[in-house]
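Hello,

Here is the structure I promised to pass on. Have a look at it first, and my notes follow underneath.

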Amino acid sequence: MPSPARTTRTTHIDEKLAGLFEDVVKRNPGEVEFHQAVREVLESLGPVLVKHPEFGTQKIIERICEPERQIIFRVPWQDDQGQVQVNRGFRVEVNSALGPYKGGLRFHPSVYLGIVKFLGFEQLFKNALTGMPIGGGKGGSDFDPKGKSTSEIMRFCQSFMTELYRHLGEYTDVPAGDIGVGTREIGYLFGQYKRITNRYESGVLTGKGLDWGGAQARKEATGYGAVFFLNEMLGVRDDSVDGKTCVVSGSGNVAIYAIEKLQQLGGKVVACSDSAGFIHDPKGLDLALIKQLKEVERRRIADYITARPRARYVPNGNLWDVPCQLALPCATQNELNGKDAVQLVKNGCIAIAEGANMPTTPEGVRVFAEAGVAFGPGKAANAGGVATSALEMQQNASRDVWDFAFTEKRLAVIIKGIHQRCYETAEEYGAPGNYVKGANIASFIKVAHAMVALGVV
C-alpha cells in the first residue's frame with residue numbers, strides 16, 4: 001500500500017476546498033487511495049465553484065465524498081480440503097444521481113474499504129463522462145483467486161452472492177468484473193443470483209458470457225477504449241498510433257486488448273508485464289502467444305520466452321525503463337511514479353493513456369504535464385469498459401443482441417464524445433490540453449446538476 005506522503009503530495013488545491021479535504025481525511029482514516037482520488041478531483045474544482053456557487057450552497061462536494069451506502073460482510077466458504085475459510089466482502093454504492101450504481105467487483109488480497117471507495121469514487125465520474133444513465137459504485141473481496149481450483153472459486157462466488165444479492169437489481173446496482181473477476185466468476189455469481197431470486201434478470205450483472213446475455217466487444221472494450229482515447233489525443237496533435245513503439249503494463253484483460261487495438265492501428269508493442277516481471281520483445285509482441293498463456297493456460301508471462309527466445313524476461317523489473325513513444329499503464333493503481341515518468345519522458349514518450357484506475361501517482365502526472373506529454377486519465381481513457389457494460393444493459397433490457405462491429409462502432413463514438421467533452425471543458429476553464437482537469441470538471445458538473453435537481457437526498 002502506498003504511503004500517505006506519496007499519495008497526497010500534489011500541486012495546488014484551492015484554499016476554500018482545503019478544509020473540506022482535511023475533513024475527508026479525518027472521516028476516512030487510513031484510506032490513502034481514497035484520499036488521493038478525492039484530492040485529485042478537488043484540485044480541479046476551484047473555478048467550478050466560482051461559476052456555480054449553488055454547488056457550494058447545496059454541499060454537493062461533501063455529499064459526493066460520502067458514499068450513499070457502504071456494505072461490508074463476511075464471506076465464509078470451504079476449500080477443497082474441507083477447511084472453512086473466511087474472507088471479507090465489500091460493496092460501496094457511491095452515488096445514484098445519474099442512474100443505478102454501476103461498477104466492477106475486484107477479488108484480490110489488497111482489497112480493503114479504502115481501495116473500494118477510491119475505485120467507486122473514480123467510477124462515478126468515469127460513468128458520468130460516458131453520457132450513459134449510470135451512477136457509480138464498486139465492490140470486491142480480499143479473496144485471492146490465484147492458486148484456487150475452479151470448484152473453490154465457484155463456492156466462494158456463491159457465498160459472496162448469497163449476501164450481496166439483496167443489494168442488487170437492474171434498477172438498483174449492477175456490478176461487473178474487475179481484477180480477479182472475469183466471465184467465469186460473473187457466471188458463478190449470476191447463477192447464484194438467479195437461484196436465490198428465481199428471476200432471470202440479465203441486466204443485474206454485466207460482463208456475462210456471450211451464450212447467456214453478454215455483449216459482443218465487452219471483453220475487448222476497456223483496452224480498445226484506452227487506445228481509442230489515446231488516438232484521439234494524438235489526433236488533436238496531428239499524429240496517430242501508427243508507426244509508434246508502445247509499452248503496455250499488465251497482461252490481463254485490459255492489457256491484452258489494448259495491445260490488440262494498438263497493433264491493429266499500426267503500433268508496435270514491445271513490452272508487457274505481470275506481477276512477477278516483464279517481457280521485452282523488440283520485434284513486437286506475439287499477441288496470440290500471450291492470449292494462449294494468459295487466457296487459456298493461465299500461466300505467467302515469464303513463459304513467453306520459452307516459445308520466443310528472441311525476447312528477454314526481467315523478473316521484478318521496471319517496465320517503464322523500456323524506451324517507447326506511447327505508454328499504457330493497464331495493471332493497477334499507483335504503478336507509475338514520478339521517477340518512472342521522468343524516465344519515460346527522457347526516453348521520448350509523447351503520450352500516456354491510463355487503462356487502469358489511477359495507475360499514475362500525482363508526481364507522475366505532474367512530470368507529464370510539465371513535459372507537455374499528452375496524458376489521458378483513467379476516468380476518461382478507461383471508460384470503454386463501463387460504456388460497453390451500459391450497452392450490454394441496453395441489449396438485456398430490449399432482449400436484443402448486437403454484433404461485434406456494431407458494438408465496437410458505438411464504443412468508438414462514445415470514446416470520441418468523452419475526449420471531446422474533456423478537451424472542450426479544459427479549454428473553457430483555462431487549462432487547454434489538460435485532460436485531467438477537463439475530465440474532472442466535466443464529470444463533476446454533470447453529477448452536480450443531477451444532484452441539485454433531485455434535492456437533498
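Val248 stands opposite Leu328 in E10, where strand E6 (residues 245-248) and E10 pair in the parallel sense over 3 bridges. Before going further, please note that this is a predicted model, in which local features need pLDDT of at least 70 and side-chain atom pairs count only at pLDDT 80 or more, while totals for chains, interfaces and linings use all residues. Residues are numbered from 1 along each chain as its sequence is written, and side-chain values use heavy atoms, with hydrogens and water left out. Helices (H or I, at least four residues) and strands (E, at least two) are DSSP runs, numbered from the N terminus, and two strands pair if DSSP finds at least two bridges between them.

**The two sheets**

E6 and E10 belong to an open sheet of 7 strands with the order E9-E8-E7-E6-E10-E11-E12 and mixed pairing. Strand E9 (312-315) and strand E12 (374-376) are at its edges, each with a single partner strand, so one side of each has no neighbour in the sheet. From one strand to the next, the twist averages 15°; axes here are lines fitted to C-alpha atoms, for helices over the stretch in contact, and angles run from 0 to 180 degrees between N-to-C directions.

There is also an open sheet of 5 strands, ordered E1-E2-E4-E3-E5, again with mixed pairing. Its edges are strand E1 (69-78) and strand E5 (173-177); each has a single partner strand, so one side of each is left free of a neighbour in the sheet. With direction ignored, neighbouring strands in this sheet are turned by 20° against each other on average. E1 runs antiparallel to strand E2 (residues 84-95), joined by 10 bridges, and Ile72 stands opposite Phe90 in E2. The hairpin of E1 and E2 has 5 residues between the strands, and Gly82 there takes a positive phi near 85°. At the other edge, strand E3 (residues 101-107) pairs with E5 in the parallel sense over 5 bridges, with Gly104 opposite Ala176 in E5.

**Cores and burial**

The largest nonpolar core has 57 residues, of which Leu230, Leu262, Leu328 and Ile418 touch the most other members. H10 gives the most to this core, with 9 residues. A nonpolar core is a set of buried Ala, Val, Leu, Ile, Met, Phe, Trp, Tyr and Cys residues joined through side-chain atoms within 4.5 Å; buried means under 20% relative accessible area, exposed over 50%, and partly exposed in between (1.4 Å probe, protein chains only). Apart from the largest core lies another, of 44 residues, including Phe21, Val32, Phe90 and Ala128.

Not counting residues up to four places away in sequence, Leu262 touches Val227, Leu230, Val241, Cys246, Val248, Gly267, Val269 and Leu328 (contact means heavy atoms within 4.5 Å).

Helix H3 (residues 32-42) is mostly covered, with 10 of its 11 residues buried. Among them are Val32, Glu33, His35 and Arg39.

Where does Cys330 sit? Cys330 is in the loop between strand E10 (326-328) and helix H14 (338-346), and is buried, with a relative accessible area of 9%. Leaving aside residues up to four places away in sequence, the contacts of Cys330 include Val248, Val254, Glu335 and Gly355.

**A helix pair**

Helix H10 (residues 218-236) and helix H17 (residues 384-398) have axes that come within 7 Å and cross at roughly 145°. Arg218, Ala221, Thr222 and Gly225 in H10 meet Gly384, Gly385, Thr388, Ser389 and Glu392 in H17. By class, this contact has 1 nonpolar, 6 polar and 2 charged residues (Ala, Val, Leu, Ile, Met, Phe, Trp, Tyr, Cys and Pro count as nonpolar, Asp, Glu, Lys and Arg as charged, and the others, Gly among them, as polar).

**Backbone angles to check**

Most residues other than glycine have a negative phi. Asn198 has a positive phi near 60°; Asn198 lies in the loop between helix H9 (183-197) and H10 and counts as exposed at 71% relative accessibility. Arg298 has a positive phi near 55°, lies in the loop between helix H12 (287-296) and helix H13 (304-307), and is exposed at 56% relative accessibility.

Best wishes
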